[in-house]
Amino acid sequence: MTFDSLAFPVIDGHNDLPWERRESHDSGVEGIDTEQGTLHTDLPKLRAGGVVGQFWSVFVPSDDPDPVRTTLQQIDTAHRIVARYPDDLTFVRTAAELRAAVDAGRIASLLGAEGGHSIGDDLAVLRSFARLGVRYMTLTHNDDTTWADSATGARAHGGLTDRGREVVAEMERIGMLVDLSHTAPATMRDTLDVATQPVVFSHSSTVAVDDHPRNVPDDVLTRLGGNGGVVMITFVPKFVSRAWADWEEAGSEGEPPLVTVADVADHVDHAREVAGVRHIGLGGDYDGTPVLPPDLRDVSRYPVLAEELRRCGWGDDDLRALAGGNVLRVLEATDERFARSALR
């Protein structure tokens, strides 16, 4: 089995299993090799879903009093999960290592830090995270950092500050991907103004289909073509369905609206139409949200999305690009810089 031989080789952009294990199992890693009804993610479900590569989020809340320490703990948890199940998982840093993992029948594991607060406004910490294998960093989480506006923050800076541009430049220098999920549109645009490497959105959907602050507007999607980046569509109901978002904002009373795989497919289709098929991917946000569309209730359900897209006229080449080929291309574009980051 090779990556190129698979019909729908999923490289998912964002999974919060390490935080879920912290919250429910005191960061324990046992039991992930069997079916877990309380988890969106376990090894049997990953295998059933055709997941060949997973970015594990090393998330910490933006109000954490010691975010650097807590992020290091999350990095440790992610590494321990991988080390505990060596027959199924392997840690990788580059596209070549990801391909080798697929060839060996293992699920390639990568790391992503969710929120610039994780580095404590210290570029030495950023570089240290890269040496530990953190492949991307989301510039913000739910609150502004001191140097970038969040989609759901106060937006005090008007986008990216000079310090924020310095952070982006250093991330690019060391080959760490700049993740624009959770950022305000002004931060997205300011980052694209200075970016010299492909950016990613690890788990976002589209404003045109669901006008939610966490989603990506069309003008930014359009710019991904010139940048070479990828928007990874997420499955979180309030980011997928305007009806669901309205229901939540009204107090979540009564039966919630039904959100389906077809709603997710609408975002994927729109992103392809605006950004182009080379600039889309998948970032389910499994184990990072309490509710998911029933059709996509856990990581085993990626084939359901593939079938829905086939019904919408998607061909095999476009499906492979969406599932993982586009993310692999972005990794390849930055691999050499990232591989060197461990040495300097």
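**Stop 1: Leu46 and Thr41**

Start by selecting Leu46, which sits in helix H2. The model you have open is a predicted one. Leu46 is buried, with a relative accessible area of 1%. Show its surroundings and, leaving aside neighbours within four places in sequence, you will find Thr41, Val51, Gln54, Trp56, Ile107 and Val299 in contact with Leu46. For a sense of scale, add Ser27: Leu46 and Ser27 are 19 residues apart in sequence, and their C-alpha atoms are 20 Å apart in space.

One of those contacts, Thr41, is a good next pick. Thr41 lies in the loop between helix H1 (17–25) and helix H2 (43–48). Is Thr41 buried or exposed? With 0% relative accessibility, Thr41 counts as buried. Setting aside neighbours within four places in sequence, Thr41 is in contact with Asn15, Leu17, Leu46, Trp56, Tyr286, Asp287 and Val299. Trp56 and Val299 are therefore worth keeping on screen, because they appear among the contacts of buried Thr41 and among those of buried Leu46. Now draw a distance from Thr41 to Pro185: these two are 144 residues apart along the chain, and 31 Å separates their C-alpha atoms.

**Stop 2: the nonpolar cores**

Next, look at how nonpolar side chains gather. In soluble globular proteins, nonpolar side chains tend to be buried together. Here the largest nonpolar core has 76 residues. Which residues have the most contacts inside this core? Select Phe8, Met137, Val231, Phe235, Tyr302 and Leu305. Helix H11 (residues 261–275) supplies the largest share of this core, 6 residues.

Zoom in on Leu305. Apart from neighbours within four places in sequence, Leu305 is in contact with Phe235, Val261, Val264, Ala265, Leu282 and Leu296. There is also a second, separate core of 21 residues, and Val52, Ala101, Val230 and Leu328 are included in it.

**Stop 3: His270, H8 and H11**

Stay with helix H11 and select His270, which is found in this helix. His270 is buried, with a relative accessible area of 15%. Not counting residues up to four places away in sequence, His270 touches Thr206, Ala208, Val209, Asp218 and Leu221.

Now add helix H8 (residues 218–227), which packs against H11 at an angle of about 60°, with the two axes 8 Å apart. H8 and H11 are therefore oblique to each other. To see where they touch, select Asp218, Leu221, Thr222 and Gly225 in H8 together with His270, Ala271, Val274 and Ala275 in H11. Coloured by class, this contact of H8 with H11 shows 4 nonpolar, 3 polar and 1 charged residues.

**Stop 4: H5, H6 and H7**

Move on to helix H6, which has two partners on this tour. Two packed helices are described by the angle between their axes and the distance between the axes.

Take helix H5 (residues 123–131) to begin with: the axes of H5 and H6 come within 11 Å and cross at roughly 30°. H5 and H6 are therefore roughly parallel to each other, and their crossing is right-handed. On the H5 side the contact is made by Leu123, Leu126 and Arg127, and on the H6 side by Arg163, Glu166, Val167, Glu170, Met171 and Arg173. By class, the contact of H5 with H6 divides into 4 nonpolar, no polar and 5 charged residues.

Then turn to the other partner. Helix H6 (residues 162–173) and helix H7 (residues 185–194) pack at an angle of about 50°, with their axes 10 Å apart. H6 and H7 are therefore oblique to each other, and H6 passes H7 in a right-handed crossing. Select Arg165, Val168 and Glu172 in H6, which meet Asp190, Thr191 and Val194 in H7. The residues of this contact of H6 with H7 are 2 nonpolar, 1 polar and 3 charged.

**Stop 5: two backbone angles**

Finish in the loops. Most residues other than glycine have a negative phi, and most peptide bonds are trans. What is phi near in Arg155? Phi of Arg155 is near 55°, a positive value in a residue other than glycine. Arg155 is in the loop between strand E5 (134–138) and H6, and is partly exposed, with a relative accessible area of 38%.

Last, select His182, in the loop between strand E6 (177–179) and H7. Its phi is also positive, near 75°. At 6% relative accessibility, His182 counts as buried.

Terms used:
Residues numbered from 1 in each chain as written. Predicted model: local features only at pLDDT ≥ 70, side-chain atom pairs only at ≥ 80, totals over all residues. Heavy atoms only, no water. Core = buried A, V, L, I, M, F, W, Y, C linked by side-chain atoms within 4.5 Å. Buried < 20%, exposed > 50% of the residue type's maximum accessible area, 1.4 Å probe, protein only. Helix = DSSP H or I, 4+ residues; strand = E, 2+ residues; numbered from the N terminus. Contact = heavy atoms within 4.5 Å. Axes fitted to C-alpha atoms, helices over the stretch in contact; angles between N-to-C directions. Parallel < 35°, antiparallel > 145°, perpendicular 65-115°, else oblique. Left-handed = near helix turned anticlockwise from the far one by under 90°. Nonpolar A, V, L, I, M, F, W, Y, C, P; charged D, E, K, R; others polar.
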